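Here is a walk through one structure, starting in the sheet and working out to the helices and the empty spaces. Have the sequence and the 3D view open as you read.

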Amino acid sequence: MSNHTRVAIITGASQGIGEALVTGYRKLGYAVVANSRNIAGSDDPMALAVAGDIAERGMGRRLVDAAIEHFGRVDTIVNNAGIFIAKPFTEYTDEDYDAVTGVNQRGFFELTRAGIAAIEAHGEGGHVVSISTSLVDHAISQAPSVLASLTKGGLNAATKALAVEYASRGIRSNAVALGIIRTPMHAPETHEFLSALQPVGRMGDIDDVVQAVLYLEQAGFVTGEILHVDGGQSAGH
């Protein structure tokens, strides 16, 4: 493989949005390191599966090391892995807090820290893109989820801070804030209720998310952007 082939690391990549993002980046010609706690290997030599919990200390560094060992470089970090637990605030447990902050914040922090260092090492610029939620901007009373707002709100702020800090070094930082997307995490019997929460009256599709991420990947003059893919949820309801 040419060391000029661009390389993306994608977390939460075993199903749903993450799996589709792996396919999307491969179609762009990227080599991909795909991570989730349980992920099957691939026959594609340009797609390396690395199993592990992104919340565990050191896992982010392992993914970056694997990318460099197998493909020679890192160009893009896609922080897709996330945990969402909806319940009344006072019913959250310490275990809930540890689980959500572990994936949504520690996972982001460790992988992005190691990834940016690797991107800087080859000196050709790169991109960090993270999956967030429109609940940060527009809470929904029917779906109390303070831990999502706590962690993803921090991620939005970090996205902008990274954009400014690394702009002069050619490293862009963006986020895609989602409404409710039709993924395996939502049981079919909940779809009617969830669709009604979106101003457009339907849930988003996985392809809506992939298109947004790939737009940001190719939009060289866009950085510090929180791109809402939410059927109008962040505008109000």
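## The sheet, from its middle outwards

In this model, Ile9 sits opposite Val33 in β2. Before going on, note that this is a predicted model, in which local features need pLDDT of at least 70 and side-chain atom pairs count only at pLDDT 80 or more, while totals for chains, interfaces and linings use all residues. Residues are numbered from 1 along each chain as its sequence is written, and side-chain values use heavy atoms, with hydrogens and water left out.

A word on names: helices (H or I, at least four residues) and strands (E, at least two) are DSSP runs, numbered from the N terminus. Two strands count as paired if DSSP finds at least two bridges between them.

β1 and β2 pair in the parallel sense, over five bridges. On its way to β3, β2 (residues 31-36) makes five bridges, again parallel, and there Val33 faces Leu48 of β3. So much for one corner; what order do the strands of the open sheet take? The seven strands run β3-β2-β1-β4-β5-β6-β7, with parallel pairing. At the edges are β3 (47-51) and β7 (226-229), each pairing on one side only. From one strand to the next the twist averages 15°, where axes are lines fitted to C-alpha atoms, for helices over the stretch in contact, and angles run from 0 to 180 degrees between N-to-C directions.

Here are the pairs described by their bridges.

| Strand pair | Bridges | Residues opposite each other |
|---|---|---|
| β1 and β2 | five, parallel | Ile9 and Val33 |
| β2 and β3 | five, parallel | Val33 and Leu48 |
| β4 and β5 | four, parallel | Ile77 and Val128 |

Next, burial: buried means under 20% relative accessible area, exposed over 50%, and partly exposed in between (1.4 Å probe, protein chains only). In β1, five of its five residues are buried: Val7, Ile9 and Thr11 on one side, Ala8 and Ile10 on the other. β5 is mostly covered too, with eight of its eight residues buried. Gly126, Val128, Ser130 and Ser132 point one way from β5, and His127, Val129, Ile131 and Thr133 point the other way.

Out in edge strand β3 you'll find Ala47. Is Ala47 buried or exposed? Ala47 counts as buried because its relative accessible area is 13%. Leaving aside neighbours within four places in sequence, Ala47 is in contact (heavy atoms within 4.5 Å) with Arg26, Val32, Ser42 and Phe71.

## Two helices

Helix α1 (residues 16-27) has twelve residues and reaches 17 Å from its first C-alpha to its last, close to the 16 Å expected at 1.5 Å a residue; that expected span is 1.5 Å times one less than the number of residues. Its buried residues are Gly16, Ile17, Gly18, Leu21, Val22, Gly24 and Tyr25. Their cover includes β1 (7-11), β2, β4, β5, β6 and α6. Just after α1, Gly29 takes a positive phi of about 95°.

Helix α6 (residues 206-218) lies across β4 (76-79), β5 (126-133), β6 (171-178) and β7, and runs at about 160° to β6. Gln218 belongs to α6, and it counts as exposed because its relative accessibility is 56%. Beyond its neighbours within four places in sequence, Gln218 touches Leu28 and Arg172. The C-alpha atoms of Gln218 and His127 are 9.5 Å apart, though 91 residues separate them along the chain.

## Empty spaces

On a 1 Å grid over the protein atoms alone, a cavity is a set of points where a 1.4 Å probe fits but cannot get out, and a pocket is an open set with protein on both sides within 12 Å along at least five of seven lines; lining residues have an atom within 4 Å of a point. Grid points are joined across faces, edges and corners, and a volume is the space filled by probe spheres set on the points.

The largest pocket has a volume of about 1200 Å³. Its lining has 42 residues, of which Asn80, Gly82, Ile83, Phe84 and Met185 lie nearest the centre. Elements giving two or more residues to that lining are α1, β2, α3 (94-122), β5, α4 (146-166) and α5 (191-196).

A search of the whole structure finds one cavity of 30 Å³ or more, and the largest cavity has a volume of about 60 Å³. Among the residues lining the largest cavity are Thr11, Asn80, Phe108 and Lys152. The largest share of this lining, five residues, comes from α3.
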